[in-house]
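Let us walk through a protein chain together, moving from pairs of charged side chains to the interior and then out to the surface. Keep the sequence and the three-dimensional view side by side as you read.

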Amino acid sequence: LSAFHDIVVPDPVSLAPATTAWLVLAVAIALGLIALAGLAALRFRRRRYRRVALGRLEGIEARLADERARAAALRELPALVKGTALVDGDRPRLASLAEDEWLDVLDASVGGREFTAGPGRVLPDLAYSPTTAERLSVDEARALVALIGRWVRHHRWRRGEGPR
C-alpha cells in the first residue's frame, strides 16, 4: 500500500484570455456591441415621429366606419402628412409646397405615382375644400389611409429634401 499515490487533480482552467491578442479581441467585440446598441437606440429615437404618425393614422382609420365622423377624420389627413414630412425633411422647402408640387414630392419620396395618379390625388382637396371629405366613399377613404400608412412607413427623401 505504500506504493500507491493520491489522485492528483489538475489546476482549474482559467477563463481569462491566455494571450494579449484574445484580450484585445474581447475588448473590440464588447466595444462593437456597445456601438451597435447605441446606433439601434439612435435609430429608434429618430423614427419616433413615424410611430406617432401611425398611431394618429390608426385613430383616423377607426373613425372611417362612422358616417358622421368620417369627414372630420379625413380632413385631418393633409395636416398629418405635412406634419410628418416637416419633422423629417427640409422644412423650408416642404412647407412652401402645395397641390401638384406637393404630390410630386410625396411620390418621389416613395418611388411611385400613387399620390399624383392614385388615391392620394385628393389630399390637396381635403386640405382646401371641406366638401371633398363628404364625397369620398368608405373604400376610397380606406385606400387613401392605406396609402398614407405605406408612405409614413417607407418614405425616403431625395438629396436636399431631408432627412436631417
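In this model, which is predicted, a good place to begin is the salt bridge in which the side chains of R113 and D107 meet, with 4.0 Å from N to O. The two partners sit in contrasting surroundings: R113 counts as exposed because its relative accessibility is 52%, above the 50% that the term requires, whereas D107 counts as buried because its relative accessibility is 2%, under the limit of 20%. By the rule used here, the count of salt bridges in the model comes to 6.

Another of these salt bridges joins R70 and E67, whose closest N and O atoms are 3.1 Å apart. Both residues lie in helix 3, and they are separated by 3 residues, which is about one turn of the helix. An α-helix has 3.6 residues a turn, so residues three or four places apart point the same way. Here too the partners contrast, since R70 is buried with a relative accessible area of 8%, while E67 is exposed with a relative accessible area of 58%.

A third example, in which R75 forms a salt bridge with E134, also has its closest N and O atoms 3.1 Å apart. This pair links distant parts of the chain, for R75 belongs to helix 3 and E134 to helix 8, and the two are 59 residues apart. R75 counts as partly exposed, at 34% relative accessibility.

Helix 3 deserves a further look, and you may ask which of its residues are buried. They are A69, R70, A71, A73 and L74, so that the R70 of the salt bridge with E67 is found among the buried residues. What covers the buried residues of helix 3 includes helix 2, helix 4, helix 7, helix 8 (residues 132-135) and helix 9.

From here we can turn to the nonpolar interior. In soluble globular proteins, nonpolar side chains tend to be buried together. The largest nonpolar core of this model has 33 residues, and those with the most contacts inside it are L77 and L123. At least two residues of this core are supplied by each of helix 2 (48-62), helix 3 (67-75), helix 4 (77-88), helix 6 (99-110), helix 7 (123-128) and helix 9 (138-154). The largest share, 7 residues, comes from helix 9. If you select L123 and leave aside its neighbours within four places in sequence, you will find L123 in contact with L77, P78, V81, W102, L103, L106, F115 and I148.

Polar residues can be followed into buried places as well. S109, which has its place in helix 6, is buried, with a relative accessible area of 4%. Its side chain is joined to the side chain of W151 by a polar contact of 2.8 Å. With neighbours within four places in sequence left aside, S109 is in contact with W151, H154, H155, R156 and W157.

R50, which lies in helix 2, is likewise buried, with a relative accessible area of 8%. The side chain of R50 reaches the backbone oxygen of R153 at 3.0 Å. Again leaving aside neighbours within four places in sequence, R50 is in contact with D88, W151, V152, R153, H154, H155 and R156. W151 therefore appears in the contacts of S109 and in those of R50.

Finally, consider the surface, where nonpolar side chains are found too. W22, L25, I29, L33, L36 and L39 form a nonpolar patch there, with about 660 Å² of accessible area together. One of its members, L33, has its place in helix 1 (residues 20-46), and L33 counts as exposed because its relative accessibility is 55%, over the 50% needed. Another member, W22, is also found in helix 1 and is exposed, with a relative accessible area of 54%.

How far apart in space are W22 and E99? From C-alpha to C-alpha they are 61 Å apart, with their positions 77 residues apart in sequence. G32, which is found in helix 1, counts as partly exposed at 30% relative accessibility. G32 and G118 are 86 residues apart in sequence and 45 Å apart in space, again from C-alpha to C-alpha.

Key. Residues numbered from 1 in each chain as written. Predicted model: local features only at pLDDT ≥ 70, side-chain atom pairs only at ≥ 80, totals over all residues. Heavy atoms only, no water. Patch = residues over 30% accessible without salt bridge, like charges linked within 9 Å, V, L, I, M, F, W, Y side chains within 5 Å. Areas by Shrake-Rupley, 256 points an atom, 1.4 Å probe, with all protein chains shown as cover. Helix = DSSP H or I, 4+ residues; strand = E, 2+ residues; numbered from the N terminus. Buried < 20%, exposed > 50% of the residue type's maximum accessible area, 1.4 Å probe, protein only. Core = buried A, V, L, I, M, F, W, Y, C linked by side-chain atoms within 4.5 Å. Contact = heavy atoms within 4.5 Å. Polar contact = N/O pair within 3.5 Å; in protein donor to acceptor, adjacent residues only side chain to side chain.
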